[in-house]
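Reader: I've got the sequence and coordinates open. Can you walk me through a few spots worth a look?
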Amino acid sequence: MKRNSLIVLLIILIVVVAGLAGGVVFYWHYIGDLLERDVVANVMESGNETADNFVRALEADQRIVDTIAITVQTNYPWADKAKLERFLYLQGKYNGFENLGIIPLDNSEMTLAHNVHLPKDWQKEMLMRALAEDTFTTKRYPQLGDGKNVLVQAASLHDGMEPIGALVVSLPTERYNSALALSSFTETGLAAVISRDGQVEVGGRWLKGKNIFSVLERAKLRNGQTLDDLRQDIQDGQGSFVRYQLDGQNRLLYGVSLPVNEWYLVAILPTDFIQAQAHRVAWSSLALFVFLFLLFGLLGLYIFCLRAYNSRQLFKTAFIDELTGLDNFNRMSISFEEHVQNLQGEVALVIFDILKFKVINDMLGYERGDLILQKAADVLKSWLNGGEHICRSSADNFVLLLSLTDRHNLRARITRMLAAVRRECAIADSCLKVEGVCGVYELKEPLPFYIALDRARLALANAKKSPKENIQFYDEKDRHRIVQERQLENSMEQALADGSFTLMLQPKYDFKTGSMEGAEALVRWNQAERGLVRPDDFIPLFERNGFILKLDMFILEQAVKFLAKWRSNGKQQVPVAVNFSRLHLNDSRYIPQMTQIVDAYDVPHHMIEVELTESVILNNSELAQSVIRGLHKKGFSVAMDDFGSGYSSLNVLKSLQFDSIKLDKEFLSGCEQNPTARHVINGAVEMIKAVGAKVVAEGVETEKQAVFLREMGCDLAQGYYFSKPISEDEFEKLLKPVPAPEE
Ligand code: C2E
Ligand code: MG
Ligand code: MG
């Protein structure tokens, strides 16, 4: 499970990183393309703008020349030559013209702003051209005199309609450099005015004076374009767009034809800076992206850790026992099957419990009790082998899943574990011991956890009861018993309602006279499938579940009903002894309830004898004393049942005012042969008589016993020798009719 999720996580990570890398590459190219498209558009726009600027600059100069020409021709004829020269000088100076002069129509000496003499044929050519074209700009021209590159602009001069000469101005080509500065690319780009054969005429920076075609000879043109294509475009005055590489630098060339002198403007721009710019943008975007990614990643990690922490806490609360740090019961119940599989099904489920842990807690306090539990948990855990598990199920209860080899070895191992717990958890300065008990269920077939646990619990209950063996293995018979008990429990209420509980009466006889002097009421359960069931099979269960409280009152009522019936049938009434469970002693409603039942049938209270077992009285003699007093007050007589079956204290006889004591049948066994037993019985009888109680001998089965008991001085006899428990019908026959009252 964990491995799978790791693989999924790894795949997601790889996909994310691959996606990210792909995204970055795509983004890189996208930005590059975008910037280049932008630059191309800008170059074109900038090239066109530069072309316009250049033409406008030429036209502006042309207009100045025209204006000067108008002034010059207005003052014709030029009588004051010095004044004219002065005018020309000033105009040249203010307008930044290199040279300014007038060529007269007769091509005689020029009037010049500067005293430069020019050859006649040059003068003539300019004059002719001015007269023919009115106004024009020459191509680049090495200035006569200093050889400086200039353009010459000329305008014809007229007097009215008559031509009178031409005004010529030489303009240095540098004058147009500013117009040819590529806007937006002043640093990196260049613009040049070239002639159709590629010769740079104006501007061009490092291209100045060169032929563009000879420069591009060495260049590598891209996108399948050739130098001839470019040459052709320029020749035809077509716009052009070329990408090329020269001297390791990538460049863009944009060309557009100019309306002057068949000139052509080229704008050239290195493109590497675009790439660099694209990289810069891409890198900064990437850095931003990585930053955001990390930020969100960290945020995600934080949330993940927080959630993991919370779920760990939740897990701890849900599955870990806070005190011992062991798994808790929930965890064990969830992972039980997995653990069983890990142990290949050979598993013993062991419940470990500390005997009388409550006493330890009460005497040492909860804090030390907790420390003992922690220590016990550590010790038990240290005994586990690989694949074995332990959990604390509740208070001092631990559930262990141990691998099962055979019962003998397992018992030996658990014995050693218990010894280790006893040793390691020894309580200093106290006589208390930490004694563990274990119930073991050997899991031989796949069973749900709760069933296996129930079986181990059953074994644990037996271990707790057993005084010697504190490790008990589950026995199938126990389960049958439990199942039967469940069945009894399920049907007891119904049985009470439909009269399945019946009452037998066992007569009691006077040893001396032999007359029947009373009876004991004994309950029977008449079950359809089992017949008459004896009380030993269900009374202990009813004592555990409390149903005995109801049943005893039911038997009392039956007995009282019989007494009432005998009276109405004119029969003698004899006292009936009713057995009452120890549970009544703690029930404050006991005596009032009993009184109410007896009174309901108007039966004299002394006809009812309450039988309380010896064990009840010994366990809580003070309570017994007060209940006995209460019963006496109401006129009921009280008998101690089963005297001699346990550890009767003769002291009890003294302190509790019993009306009779019933010697247990176990007490009698062996009395026929064993002289010591006879002495003991003799002593007991004497003592009982001494405290003023009657002695009833129970379970008298033989004549010998009867003779012996009579000799001992017992008052009443009850036993199979005299009569078995009989039905009320039969019993009534034993009763004498009440003699008619004397007149
Ligand atoms: P118990 O009160 O000591 O009753 C005497 C038991 O001894 C009866 O067993 C009776 O049948 C049996 N018994 C009588 N004579 C002989 C004999 O000669 N030999 C042998 N071996 N047994 C003899 P039972 O009826 O099975 O009752 C067993 C116990 O169940 C009673 O012992 C009493 O403690 C309890 N019990 C019976 N009925 C009730 C009842 O209504 N309420 C309560 N709380 N307990 C009852
Ligand atoms: Mg009895
Ligand atoms: Mg008895």
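Author: Let's begin with a term: a crossing of two helices is right-handed if the near helix is turned clockwise from the far one by less than a right angle, and left-handed if anticlockwise. Keep in mind that this is a predicted model.

Reader: Which hand does the crossing of α20 and α21 have?
Author: Helix α20 covers residues 675-690 and helix α21 covers residues 703-712, and their axes are 10 Å apart. Going by that turn of the near helix, clockwise or anticlockwise, the crossing of α20 and α21 is right-handed.

Reader: Are α20 and α21 parallel, perpendicular or oblique to each other?
Author: The two pack at an angle of about 45 degrees. Roughly parallel needs under 35 degrees and roughly perpendicular needs 65 to 115. The angle fits neither, so α20 and α21 are oblique.

Reader: Which residues of α21 meet α20, and how many in the contact are nonpolar?
Author: From α20 come R678, I681, N682 and V685, and they meet F708, E711 and M712 in α21. By class, this contact has 2 charged residues and 1 polar one, and the nonpolar count is 4.

Reader: How do α11 and α12 sit relative to each other?
Author: Helix α11 (residues 449-465) and helix α12 (residues 476-497) have axes that come within 10 Å and cross at roughly 95 degrees. An angle of 65 to 115 degrees counts as roughly perpendicular. So α11 is, relative to α12, roughly perpendicular.

Reader: How many charged residues are in the contact of α11 with α12?
Author: On the α11 side you have R455, L458 and N462, and α12 brings E476, D478, R479, R481 and I482. Sorted by class, that gives 2 nonpolar and 1 polar, with the charged count at 5.

Reader: What lies 2.5 Å from a nitrogen atom of ligand 1?
Author: There are 25 residues around ligand 1, and R534, D552, D641, E701 and Y720 come nearest. A backbone polar atom of Y720 is 2.8 Å from an oxygen atom of the ligand, and a polar side-chain atom of D642 lies 3.0 Å from an oxygen atom. For the nitrogen atom at 2.5 Å, the partner is a polar side-chain atom of E701.

Reader: Where is the cis peptide bond, and what is its omega?
Author: Most peptide bonds are trans. Look in the loop between α1 (2-74) and α2 (81-95), where P77 is found. The cis bond joins Y76 and P77, with omega about -5 degrees.

Reader: And what is phi of K356?
Author: Most residues other than glycine have a negative phi. K356 is in the loop between β14 (347-354) and α8 (357-364). Its phi is positive, near 50 degrees.

Note on methods:
Residues numbered from 1 in each chain as written. Chains lettered and ligands numbered in written order. Predicted model: local features only at pLDDT ≥ 70, side-chain atom pairs only at ≥ 80, totals over all residues. Heavy atoms only, no water. Axes fitted to C-alpha atoms, helices over the stretch in contact; angles between N-to-C directions. Helix = DSSP H or I, 4+ residues; strand = E, 2+ residues; numbered from the N terminus. Parallel < 35°, antiparallel > 145°, perpendicular 65-115°, else oblique. Contact = heavy atoms within 4.5 Å. Nonpolar A, V, L, I, M, F, W, Y, C, P; charged D, E, K, R; others polar. Near = heavy atom within 4 Å. Polar contact = N/O pair within 3.5 Å; in protein donor to acceptor, adjacent residues only side chain to side chain.
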